[in-house]
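Here is a short briefing on one protein model. Look over the sequence and the structure first, then read the points below.

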Amino acid sequence: MAGGQRSRGLNKPCILLIVVAGMERFAFKGVVSNLVTYLTDVVKMSNSTAAKTVNSWCGFTSMLALLVAPLADSYWYRYSTILASSFLYIIGLLALTSTALVGTWIPEDRTSGSSFLFWSLYLISLGLGGYNPSLQAFGADQLETEEDLPCTKDEKNPDSKSLFFQWWYFGICSGSLLGVTVMSYIQDTSGWGIGFAIPTIVMIASIAFFSCGSRFYTYRQDRDVNWKTLETIVQAIKAITSKMMNCGITLPANKSSHVIELELQEKPLCRDTKDLAENHKSGIYLPESIKVVLRLFPIWTMLLMFAVIFQQPATFFTKQGMTMRRNIGRNLLIPPAMLQSAITVSIIVLMPLYDKVLIPFTRLITRKEKGINVMQRMGIGMVLSIIAMVIAALVEKKRLSISSKLESQSETVPLSIFWLLPQYIILGISDIFTVVGMQEFFYGEVPIRMRTTGIALYSSVFGVGSFMSAFLIWLIEIFTSSGGRQGWFSDDMREARLDKYYWLLALSSTLSLLLYMLLCKYYKSRSELDSES
């Protein structure tokens, strides 16, 4: 900043951290995008078991962020959390690479190899649990100045935050694109050993880049404010449980419901505040951290079905592609997982148009500076995800129709894999709206000292969504499998009914969208409540 003016561009530390995040996504997507193929072809799992394994692992990875974030906010510095987590991450990648290499040299040793595979995957999860939310919150810290604190009236701050999150997502999508396209091709053609070794090397290089910027970073975490956060949460949970066994939680009699509602919001940082329990010793009161999470919980819940749809490209979309005509010319065969790159390509191509075309257009309609607010942005993405599932169901119905007319016993149908492109592209467009909107929403609706937790709340949506996806698969298997038949998720793709599964997801997401719209009608953002007070 010069002359007191705030630059709309991103500073060098932000740019460096976006590059680091992109390299990490290359490593992660280089592993996860084709993992279902590795589990079915190398580990010899069934289609449904491989899908449930990938969903459960992704869910566990995302949920760990929610467990680690309070520790990072309360006791650790984000910088040191990033370094410690990345060490575990790299150890897990090294273990995964050695598993693939040992499986190549000693193919008959399946049992011990599978056990070591799962240990390496969950070691990666431990690293990611602290790495991702801390890195993104640390990146946003580089953007902030003292004027960005809640007790100021800077109107440009929301735009600068939106700019950061958009380019952050652009960066990780660029890394994801390279990870999906390059690594899926290498894994299918050159083997899994080199296919897992390259992401490991890239992750090590990203930490080297991160360390190079240490003297340029801004370190804004205030441990004096944060150190009691986790303790008060644990104490509050114990106290609430004890109180509910008797007569429930008490509220001060001299406060109106309007004031109680405002207590859910962050108190301005420019004046000293104390825990509510200290001010009212006669009752049990929720600490501010719990109140913030509870206020966001209904919106968080309505986003879960979007997260379930988010899991499909890496699981059943990929299995669909394996049964379709994948050749270009005579010699080039497209790996099914490579089509996931269509999602990131659509994001990279269309993301710049969001600010240049869509926002100016919506400004003309809504007469608002930002065009659409973050809640509307997430809702538009949810609508697009439903459309993607409808298209996926129709394409799968067409694939099954062609397959039923074939006289041969081959699962491969004379239908080009590029018929799957529309559902991938529309999901990519939905990500521009919902995923970027979720990052901005959960980061902006929590107090500054809970920013890592805010990012973890965003990640946990996809964690719980992954578990929900695995649970749905398990539940559908129970109700559709009978008499030796495998039901909707049969290993024989000529008998599988993925089209019905996609229709079920579209219907469930529609119901979730309607409830989301109802919640948005009554939800008030933190800035709106601050202005009312």
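A cavity here is a set of grid points where a 1.4 Å probe fits but cannot get out. The volume of a cavity is the space filled by probe spheres set on those points. By that reckoning, the largest cavity in this predicted model has a volume of about 860 Å³. The protein chain around it has 533 residues.

**Overall build**
- The protein chain holds 20 helices and four strands.
- Of its 533 residues, 53% are buried.
- Take the contacts between residues at least 6 apart in sequence: 84% of them join residues at least 24 apart.
- The exposed area of the protein chain is about 24300 Å². Carbon and sulfur atoms supply 65% of that area.

**Cavities**
- Rolling a probe the size of a water molecule over the atoms shows where empty space is left.
- The search covered the whole structure and found three cavities of 30 Å³ or more.
- In the largest cavity, 40 residues form the lining.
- Which of these lie nearest its centre? They are R25, F28, K29, F310 and Y458.
- Several helices each supply at least two lining residues of the largest cavity. Among them are helix 1 (12-32), helix 3 (47-74), helix 5 (110-141) and helix 6 (157-190).
- Further along the sequence, helix 15 (341-366), helix 17 (421-444) and helix 18 (451-480) do so too.

**P133 in helix 5**
- P133 sits in helix 5.
- Is P133 buried or exposed? Its relative accessibility is 1% and the limit for buried is under 20%, so P133 counts as buried.
- Beyond its neighbours within four places in sequence, P133 is in contact with A65, L128, T452, I455 and A456.
- P133 and S459 are 326 residues apart in sequence, yet their C-alpha atoms are 7.7 Å apart in space.

**Helix 7**
- Helix 7 spans residues 192-212, which is 21 residues.
- From first C-alpha to last, helix 7 reaches 31 Å. That is close to the 30 Å expected at 1.5 Å a residue.
- Which residues of helix 7 are buried? The list is W192, G193, G195, F196, P199, T200, V202, M203, S206, I207 and F210.

**Cysteines**
- With a cut-off of 2.5 Å between cysteine sulfur atoms, the count is zero disulfides.
- C14 has a relative accessible area of 0%, so C14 is buried.
- C173 is at 4% relative accessibility and therefore counts as buried.

Definitions and conventions:
Residues are numbered from 1 along each chain as its sequence is written. This is a predicted model: local features need pLDDT of at least 70, side-chain atom pairs count only at pLDDT 80 or more; totals for chains, interfaces and linings use all residues. Side-chain values use heavy atoms; hydrogens and water are left out. Buried means under 20% relative accessible area, exposed over 50%, partly exposed in between (1.4 Å probe, protein chains only). Contact means heavy atoms within 4.5 Å. Accessible areas come from the Shrake-Rupley method with a 1.4 Å probe; for residues, only the protein chains shown count as cover. The expected span of a helix is 1.5 Å times one less than its number of residues. On a 1 Å grid over the protein atoms alone, a cavity is a set of points where a 1.4 Å probe fits but cannot get out, and a pocket is an open set with protein on both sides within 12 Å along at least five of seven lines; lining residues have an atom within 4 Å of a point.
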